[in-house]
Amino acid sequence: MQRLVLYTPLPEEGRRLVGALRNQLACAGNEELSCAMFTDADGAAAEIMANGTQLISWDVSTASARQALLPARAACQKAFLLAVADEGTSPVLFLTPGIRPDSLVFRPVEPGEARRVAAEMAADLLRQAADSNLIFTIHSRNGNQNIPYSSISYIEALGRKLYLRLDREEIGFVGTLEKLEQELPPNFCRTHRSFIVNADKIRQVQLTENLVLLWNGLAVPLSRSYKKNVKELYHA
């Protein structure tokens with residue numbers, strides 16, 4: 001299920017954007033979209049930081065709204081961000097490294113503009129869905145098991161086996177992290193001699209505690225020799 005979190009002081013405008021996005025996804029044969037709309041910026045930011053999201057629509061017209069967006073944007077750097085602004089709001093105020101919108105619309109948000117930005121958001125969701133179809137195959141005597149890379153949280157080396165951790169399941173198989181590291185997509189990174197993590201699952205990197213926290217509540221150790229690489233990939 002894909003997610004959209006909106007902050008807007010104008011609920012009718014938010015409903016227009018959601019409707020346009022649902023229409024775009026329906027035309028593409030994909031109607032699985034969860035929407036959470038907020039009229040207060042702090043509530044929207046708390047939702048994003050607690051549960052993550054693939055899409056964000058945010059009113060950036062006021063300084064307080066832009067300030068509330070900063071930690072949420074840092075937590076979901078790979079989410080598609082639509083900035084919505086009053087016509088008199090200077091782009092200099094929100095075209096910043098901390099916000100980095102992927103698209104922009106000025107009020108009044110006419111139906112044609114709503115369809116335009118909805119098409120951009122839908123295209124990004126479909127791209128993410130296509131990426132999620134990439135699979136990791138575990139070979140065993142009982143046959144092959146195919147697992148989408150997007151569902152993998154981390155892989156741990158323990159004893160003579162590797163353990164692939166999903167949200168609610170752990171699968172053991174034979175292999176080495178050194179060989180696996182060369183085969184995994186570039187969004188997987190080594191955090192420790194015994195761990196490789198899916199960077200798309202990272203919620204926070206705690207350098208002082210030597211921990212990497214994931215969106216699903218899991219945590220993995222971070223050793224000194226891998227801190228630089230983890231920071232670069234997490235903030236890419």
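A salt bridge here is a side-chain nitrogen of Lys or Arg within 4 Å of a carboxyl oxygen of Asp or Glu. With that in hand, look at R190 and E178, whose side chains meet in a salt bridge at 3.1 Å, N to O. Keep in mind that this is a predicted model. By the same rule, the count for the model comes to 11 salt bridges. Below is a quick tour of those pairs, the nonpolar cores, helix 2, a pocket and a few backbone oddities.

**Salt bridges**

- The R190–E178 pair links distant parts of the chain: R190 sits in strand 11 (residues 188-192) and E178 in helix 5 (residues 177-183), 12 residues apart.
- The two partners have their own surroundings: R190 counts as buried because its relative accessibility is 7%, under the 20% cut-off.
- E178 has a relative accessible area of 47%, so it is partly exposed.
- Helix 5 also holds a pair of its own, with E183 forming a salt bridge to K179 and the closest N and O atoms 2.5 Å apart.
- E183 and K179 are four residues apart in helix 5, about one turn of the helix.
- Here's the background for that spacing: an α-helix has 3.6 residues a turn, so residues three or four places apart point the same way.
- E183 is partly exposed, with a relative accessible area of 45%, while K179 counts as exposed at 54%.
- Some salt bridges share partners, and in this way E13, D59, D86 and R107 are joined into one network.
- Over at E47 and R3, the side chains meet in a salt bridge of 2.5 Å, N to O.
- E47 lies in helix 2 and R3 in strand 1, so this pair ties together parts that are 44 residues apart in sequence.
- Both E47 and R3 are buried.

**The nonpolar cores**

- The largest nonpolar core has 22 residues, and I48, W58 and V60 are the ones with the most contacts inside it.
- Plenty of elements chip in: strand 1 (2-7), strand 2 (33-38), helix 2 (41-51), strand 3 (55-59), helix 3 (63-75) and strand 4 (80-85) each supply at least two residues of this core.
- A second, separate core has 20 residues, including L4, V18, V109 and V117.
- As general background, nonpolar side chains tend to be buried together in soluble globular proteins.
- Want to zoom in on V60? Leaving out residues up to four places away in sequence, V60 touches R66, L69, A83, V84, A85, T89 and F94.

**Helix 2 up close**

- The buried residues of helix 2 are A41, G43, A44, A45, E47 and I48.
- Two of those names should ring a bell: E47 is the partner of R3 in a salt bridge, and I48 is among the residues with the most contacts inside the largest core.
- The buried residues of helix 2 pack against strand 1, strand 2, strand 3 and helix 3.
- Just after helix 2 comes G52, which takes a positive phi of about 75°.

**The second largest pocket**

- This pocket has a volume of about 310 Å³.
- Its lining is made up of 14 residues, and T137, H139, F173, V174 and G175 lie nearest the centre.
- Strand 6 (135-140) and helix 5 each supply at least two residues of the lining.
- Strand 6 gives the most, with five residues.
- By type, the lining divides into seven nonpolar, five polar and two charged residues.

**Backbone oddities in the loops**

- The peptide bond from R107 to P108 is cis, with omega near 0°.
- P108 is found in the loop between strand 5 (103-106) and helix 4 (111-132).
- R107 is also a member of the salt-bridge network with E13, D59 and D86.
- R100 isn't a glycine, yet it has a positive phi of about 50°.
- You'll find R100 in the loop between strand 4 and strand 5, and it is partly exposed, with a relative accessible area of 35%.
- N210 is another residue other than glycine with a positive phi, near 60°.
- N210 lies in the loop between strand 13 (202-206) and strand 14 (211-214), and at 33% relative accessibility it counts as partly exposed.

How values were computed
Residues are numbered from 1 along each chain as its sequence is written. This is a predicted model: local features need pLDDT of at least 70, side-chain atom pairs count only at pLDDT 80 or more; totals for chains, interfaces and linings use all residues. Side-chain values use heavy atoms; hydrogens and water are left out. A nonpolar core is a set of buried Ala, Val, Leu, Ile, Met, Phe, Trp, Tyr and Cys residues joined through side-chain atoms within 4.5 Å. Buried means under 20% relative accessible area, exposed over 50%, partly exposed in between (1.4 Å probe, protein chains only). Contact means heavy atoms within 4.5 Å. On a 1 Å grid over the protein atoms alone, a cavity is a set of points where a 1.4 Å probe fits but cannot get out, and a pocket is an open set with protein on both sides within 12 Å along at least five of seven lines; lining residues have an atom within 4 Å of a point. Grid points are joined across faces, edges and corners, and a volume is the space filled by probe spheres set on the points. Ala, Val, Leu, Ile, Met, Phe, Trp, Tyr, Cys and Pro count as nonpolar, Asp, Glu, Lys and Arg as charged, and the others, Gly among them, as polar.
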